[in-house]
Amino acid sequence: MSTVTTLQDPPVSVRAKLAAAWASFMFLYIYVDYFALYKPGFVDGIQAGLVWEFDVNQGLLTAFLALISIPTAMVVLSVALPARATRTLNLVVAALYVPVTAFNAVGESWVAFYALSIGLELLLLAYIAHAAWTWPRTTQVDR
C-alpha cells in the first residue's frame, strides 16, 4: 500500500492577491529604473541635470515621488480599506496607470528592454483590474 500526499492549497484572498500584485508592480518599476542607469549616457544626463527631456529639479523629483507613492500605497490600501472601496480604488488606479506605464516608451530606442518591462507592468495592471472586477460576492436575502 502506498500513500500519496498532496500539498494543501488554501484559497488566497483577493486582498492578498491585489497587495502582492501591487508589490510586484513596484519591484518591477524600481528595477526597470535601476537597470536604465546602465544605458550608455543615462547617468551623464542625470549629472547634467536632465532626465528624459526634463530638467532635474525639486518639482520633477516631487512629481516622481508622487507617481511612485500611489502604487506603494495600494499595497496597504488593498488590505486595509473596506471591500467596496478596495475594489473601486484598484479598478481606478490600475486603469489610470495604463497610460502612465505606456508613457515610459515614448522616445525610447531600447525597444526590447522597454517592450518587456512595459508589457510585464501592463500584465500586472490587467491582473489587478481583473482580480478587482471579479471580486467574489455574497448574496443576502432580506426577510
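# A guided tour, from a loop to two pockets

Start by selecting Leu37, which is partly exposed, with a relative accessible area of 34%. Here buried means under 20% relative accessible area, exposed over 50%, and partly exposed in between (1.4 Å probe, protein chains only). The model you have open is predicted, so local features need pLDDT of at least 70 and side-chain atom pairs count only at pLDDT 80 or more, while totals for chains, interfaces and linings use all residues. Residues are numbered from 1 along each chain as its sequence is written, and side-chain values use heavy atoms, without hydrogens and water.

**Stop 1: around Leu37**

Where does Leu37 lie? Leu37 sits in the loop between H1 and H2. Helices (H or I, at least four residues) and strands (E, at least two) are DSSP runs, numbered from the N terminus.

Now add Phe27, Tyr31, Tyr34, Phe35, Tyr38, Val43 and Ile46 to your selection: with Leu37, they make a nonpolar surface patch of about 810 Å². A patch takes residues with over 30% relative accessible area and no salt bridge, joining nonpolar side chains (Val, Leu, Ile, Met, Phe, Trp, Tyr) within 5 Å and like charges within 9 Å. Areas come from the Shrake-Rupley method with a 1.4 Å probe. H1 and H2 are the elements that give two or more residues to this patch, and H1 gives the most, with 4 residues.

Click on Phe27 next. Phe27 belongs to helix H1 and is exposed, with a relative accessible area of 55%. Try a distance from here: the C-alpha atoms of Phe27 and Gln58 are separated by 24 Å, and the two residues are 31 apart along the chain.

**Stop 2: a charged pair**

Which two side chains meet in a salt bridge? Select Lys39 and Glu108: their side chains meet at 2.7 Å, N to O. A salt bridge is a side-chain nitrogen of Lys or Arg within 4 Å of a carboxyl oxygen of Asp or Glu. Lys39 is in the loop between H1 and H2 and Glu108 in the loop between H4 and H5, so the pair ties together parts that are 69 residues apart in sequence. Both Lys39 and Glu108 are buried, and the structure holds 1 salt bridge.

**Stop 3: the second largest pocket**

Keep Lys39 and Glu108 selected, as both are among the residues that line the second largest pocket. Other lining residues include Phe42, Trp52, Phe103, Asn104 and Trp110. A pocket is an open set of points on a 1 Å grid where a 1.4 Å probe fits, with protein on both sides within 12 Å along at least five of seven lines; lining residues have an atom within 4 Å of a point. The volume of this second largest pocket is about 250 Å³. Its lining divides into 6 nonpolar, 3 polar and 3 charged residues.

**Stop 4: the largest pocket**

The largest pocket has a volume of about 580 Å³. Which residues are closest to its centre? Of the 26 residues in its lining, choose Tyr29, Asp33, Trp52, Phe64 and Asn104. Helices H1 (14-36), H2 (42-47), H3 (58-80), H4 (83-103) and H5 (111-133) each give two or more residues to the lining. H1 supplies the largest share, 6 residues. The lining holds 21 nonpolar, 2 polar and 3 charged residues. Ala, Val, Leu, Ile, Met, Phe, Trp, Tyr, Cys and Pro count as nonpolar, Asp, Glu, Lys and Arg as charged, and the others as polar.

**Last stops: Asn57 and Ala132**

Asn57 lies in the loop between strand S2 (54-55) and H3. Asn57 is partly exposed, with a relative accessible area of 40%. Its C-alpha atom is separated by 19 Å from that of Asn104, 47 residues apart along the chain.

Finally, select Ala132 in helix H5. Is Ala132 buried or exposed? Ala132 is buried, with a relative accessible area of 0%. The C-alpha atoms of Ala132 and Lys17 are separated by 9.5 Å, although these residues are 115 apart along the chain.

Methods
Points joined across faces, edges and corners; volume = space filled by probe spheres on them.
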